[in-house]
Amino acid sequence: MFGTREDFLIPSACLNSTVSGLVSRTVLRADLVPPGGYHGAKFYRELAPQDVSGRFLDTVSDCFAAVVDDVARTLAVPVDRTPTWAGWTAVEEVAAGFGITDLNLVKPGVGETTRVLLRRVPWKVLVRPDRTAELAHVLHLARDRGVEVETREGMPFSCIGVIRPGGEVA
């Protein structure tokens with residue numbers, strides 16, 4: 001199940017815990033999740049003085065009135081929620097195309113691509129040409145890091161970040 005098939009940037013993908021109630025993204029690490037557990041999150045109590053979660057929520061909710069009619073029209077249209085597995089298929093195809101055996105090195109979506117460019121050793125960024133207008137930050141980060149950007153038609157994501165196997169820098 002999914003809330004949307006749209007690919008958009010969520011704050012926690014690039015701003016982390018100080019706009020997310022001091023909670024990390026989900027993790028699956030033995031030091032944070034008990035045996036048999038599913039996923040967990042870390043609470044960053046020490047960042048409380050820098051927390052701007054409330055201000056962020058106020059800023060977002062101040063925009064609700066401007067979009068309420070558009071949201072109502074969108075919700076009135078039925079959505080087929082049958083899984084297509086197009087996203088998973090795209091990850092497998094990208095991995096195969098680059099000879100990558102570890103699918104965890106292929107990070108689909110604008111949020112994960114942003115994280116790759118900020119925190120990992122990026123190799124390539126694949127971008128859907130019809131979505132470049134909304135990916136200015138991704139293109140800027142890729143340029144700053146010297147990461148090759150390739151356009152790919154028809155991806156189910158606006159972009160995909162690819163991590164260099166072995167973490168070597170070119």
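**Exercise 1.** Which residues does Thr114 touch, not counting residues up to four places away in sequence? Establish also where Thr114 is found and whether Thr114 is buried or exposed.

*Solution.* The model examined here is predicted.

Step 1. Locate the residue: Thr114 is found in helix α5, which spans residues 110-119.

Step 2. Classify its accessibility. Buried means under 20% relative accessible area. Thr114 has a relative accessible area of 1%, and therefore counts as buried.

Step 3. List the neighbours. With residues up to four places away in sequence set aside, Thr114 touches Leu9, Cys14, His137, Val138 and Leu141.

Step 4. Look for a polar partner. The side chain of Thr114 makes a polar contact with the side chain of His137, at 2.8 Å.

**Exercise 2.** Identify the nonpolar surface patch that contains Val71, and classify the accessibility of Val71.

*Solution.* Step 1. Place the residue: Val71 lies in helix α3, residues 64-75.

Step 2. Apply the classes. Partly exposed lies between the buried limit of 20% and the exposed limit of 50%. The relative accessible area of Val71 is 41%, so Val71 is partly exposed.

Step 3. Name the patch. Val71 forms a nonpolar patch on the surface with Val67 and Leu75, and together they have about 270 Å² of accessible area.

**Exercise 3.** State how many disulfides the structure holds, and classify Cys63 and Cys159 by accessibility.

*Solution.* Step 1. Count the disulfides: the structure holds zero.

Step 2. Classify Cys63, which is partly exposed because its relative accessibility is 44%.

Step 3. Classify Cys159, which is buried because its relative accessibility is 0%.

Note on methods. Residues are numbered from 1 along each chain as its sequence is written. This is a predicted model: local features need pLDDT of at least 70, side-chain atom pairs count only at pLDDT 80 or more; totals for chains, interfaces and linings use all residues. Side-chain values use heavy atoms; hydrogens and water are left out. Patches are made of residues with over 30% relative accessible area and no salt bridge: like charges are joined within 9 Å, nonpolar side chains (Val, Leu, Ile, Met, Phe, Trp, Tyr) within 5 Å. Accessible areas come from the Shrake-Rupley method with a 1.4 Å probe; for residues, only the protein chains shown count as cover. A salt bridge is a side-chain nitrogen of Lys or Arg within 4 Å of a carboxyl oxygen of Asp or Glu. Helices (H or I, at least four residues) and strands (E, at least two) are DSSP runs, numbered from the N terminus. Buried means under 20% relative accessible area, exposed over 50%, partly exposed in between (1.4 Å probe, protein chains only). A polar contact is a pair of N or O atoms within 3.5 Å; within protein, one must be able to donate a hydrogen and the other to accept it, and residues adjacent in sequence count only if both atoms are side-chain atoms. Contact means heavy atoms within 4.5 Å. A disulfide is a pair of cysteine sulfur atoms within 2.5 Å.
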